Amino acid sequence: MDVFGDGISPFKSVKRHLWPLAGCLVGQNTPFVIAIWCGPTKDPQSVDEYLHDFIEEFKILRDGFSFLNRNLKLKIRFFIADAPARAWIRKVNQHGSYYSCERCTIKGGWKFRRITYDPTCEATLRTNESFEEQSQPQYHNGTSTLLSIGISMISQFPLDIMHLVDLGCTKRLLALLLKKKASKFKLSKESVGSLDTLSGFLYHFVPSEFSRKPRPLSQWCLYKAVEFRRIFLYDGFLILKKQKNKEVYNCYLLLACAMRIFLDPELRTKYGEDGHKISSDFCIFSYDVLGASFVVYNIHHLIHLYHDILLHGDPNSFSCYKYENNLGQIKSYLLAPGRTLQQKCVE
Ligand SMILES: [Zn+2]
C-alpha cells in the first residue's frame, strides 16, 4: 500500500483545515481515506498524535490478518506527499531552510530573499542509515515515529513530480515570462497577446484524452498542475518558441527533454542516464542564464530525481496526482463548515 498525507482548506470564509491520511493499494488508482484530522490550525499540532492511530493499526495488520479466507500481511511501499508535508511528517527542515535538500547535505545560500543552491556544488548523499543516525543534525527537528515501524525515511519518501516539476519548475519558467513584476525576461503585453492567440488556435487540435484543453497563457496563475504538464510536454515546444526570450526557451527545452525521457518507459530504459545528465545541465544552465535566484529547492531536486526513478521506476507511480484528485472529491462532499468531519463520514 502507498500512503498519502496532505492538508486542505475547504472553506474560504472559515478557518477550518483538514489533513486526510489516504491509502492506495499498489496497482490501483482509487485512494481511500484512512483517517482525517480536522481543526482550526493549518497543521495538526503534533505529527506524532496525527500518526499515532495509523501506526498502531499498521502494527496489527503487518503481522497478518484474514480477508476473504486469505491470510495477508500489510506492507507500506511509499509515503507520498508534497515537500512541506514530507518535511513535517519526517521531522526535518522545511524547504526554505539552509539545510533542506532531501537527498544531499548541501547548504543553501541566502540570495535575493530566498534560499538558492549552487548547481556545481557536490555534497554527500543522504541514505536511510545516515537519516536514522541524524548524521547532519542541522537538518533534523526531531525523531519521526515512523522509524518505529521500520520505514526507510529516504527511499520510501520519493520525490513527487507533480509539485517538483509541473507546479515547480514549469511554473517558475512561465512566471519569468508572465509575472507582473518587471524583469529582463518579462514579455510585453503584445507578445503575451500573440501567445494567447496561439493557445486559442491549439485548443481545437488537442484530443479529448487531455482533461484540460489550452487556455490563454495570460491566465497562467489559474492553471492546474495538468495544464503545466501539458505545456511542458506538448504545447510549449510551439508556444514558447514563438516568444523572444531564447534563454527561457533553451532552459525549457532542457527540462522538457529530460522529462520526456523520464516519463516514457522505452526512452527511460534506453536513455535514462542521458535524461539525468540533461536535468543536471538544466540546473547549471538556468543558474548561468536566468540567475542564481532561479535555482531554488524545486530546481535543485531535479538533480536527484533520476536516483528515485532508478530505484522505483515510472515517476507517475509515485506522484501526487491521483491523491490530489481524491482531495478534490473530499471537498465536494462538504456543503458547509459546520460538522465538517460528520459530513465526510456520511458521504
Ligand atoms: Zn541535493
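## A walk through the model, stop by stop

Before you click on anything, colour the chain by confidence: this is a predicted model, with a mean pLDDT of 89 and 95% of its residues at 70 or more. For the two extremes among the elements, pick helix α11 (residues 340-345), which has the lowest mean pLDDT at 64, and then helix α3 (residues 128-133), which has the highest at 96.

**Stop 1: the two domains.** Give residues 2-91, 143-158 and 319-344 one colour for domain 1, and 162-312 another for domain 2, as the domain assignment has them. Their C-alpha centres are 30 Å apart. Where they touch, domain 1 puts in eight residues and domain 2 six. Look at the domain 1 side of that contact and sort it by class: four residues are nonpolar, two polar and two charged.

**Stop 2: the big core.** Keep those colours on and look inside. The largest nonpolar core runs to 72 residues, and I80 and L255 are the ones with the most contacts within it. Select helix α4 (residues 161-178) next, since the largest share of the core, ten residues, comes from there. Which domains give residues to this core? Both domain 1 and domain 2 do, so the core lies between them. As background, nonpolar side chains in soluble globular proteins tend to be buried together.

Now centre on L255. Leaving out residues up to four places away in sequence, L255 touches C169, F232 and F282.

**Stop 3: strand β1.** Jump to residues 2-5. D2 and F4 point one way from this strand, V3 and G5 point the other way, and all of them are buried. Bring up the strands that pair with β1. Strand β2 (residues 17-24) pairs with β1 in the antiparallel sense, over four bridges, while strand β6 (residues 79-80) pairs with β1 in the parallel sense, over two bridges. V3 is a handy residue to click here: V3 stands opposite G23 in β2 and opposite F79 in β6.

**Stop 4: helix α2.** Select residues 83-90. Is this helix largely enclosed or left open? Six of its eight residues are buried, so α2 is largely enclosed by the rest of the structure. The buried ones are A85, R86, A87, W88, I89 and R90. To see some of what covers them, show β1, which you have just visited, along with β6 and α1 (47-62).

**Stop 5: K91, then N69.** Step off the end of α2 and you land on K91, which takes a positive phi of about 60° although K91 is not a glycine. K91 sits in the loop that runs from α2 to β7 (109-111). Count the neighbours: 18 other C-beta atoms lie within 10 Å, so K91 is partly exposed.

For another non-glycine with a positive phi, go to N69, at about 65°. N69 is in the loop between β4 (65-67) and β5 (70-72). Buried or exposed? N69 is exposed, because just 5 other C-beta atoms lie within 10 Å, and 12 or fewer is the cut-off for that class.

**Last look.** Zoom back out with I80 and L255 still highlighted, the residues with the most contacts inside the largest nonpolar core, and keep both domain colours on, since that core lies between domain 1 and domain 2.

How values were computed
Residues are numbered from 1 along each chain as its sequence is written. This is a predicted model: local features need pLDDT of at least 70, side-chain atom pairs count only at pLDDT 80 or more; totals for chains, interfaces and linings use all residues. A residue is buried if 20 or more other C-beta atoms lie within 10 Å of its own, exposed if 12 or fewer, and partly exposed in between; C-beta atoms are placed from the backbone. pLDDT is the predictor's confidence in each residue, from 0 to 100. A nonpolar core is a set of buried Ala, Val, Leu, Ile, Met, Phe, Trp, Tyr and Cys residues joined through C-beta atoms within 7 Å. Domain bounds come from an automatic or database domain assignment. Two residues are in contact if their C-beta atoms, placed from the backbone, lie within 7 Å. Two strands pair if DSSP finds at least two bridges between them. Ala, Val, Leu, Ile, Met, Phe, Trp, Tyr, Cys and Pro count as nonpolar, Asp, Glu, Lys and Arg as charged, and the others, Gly among them, as polar.
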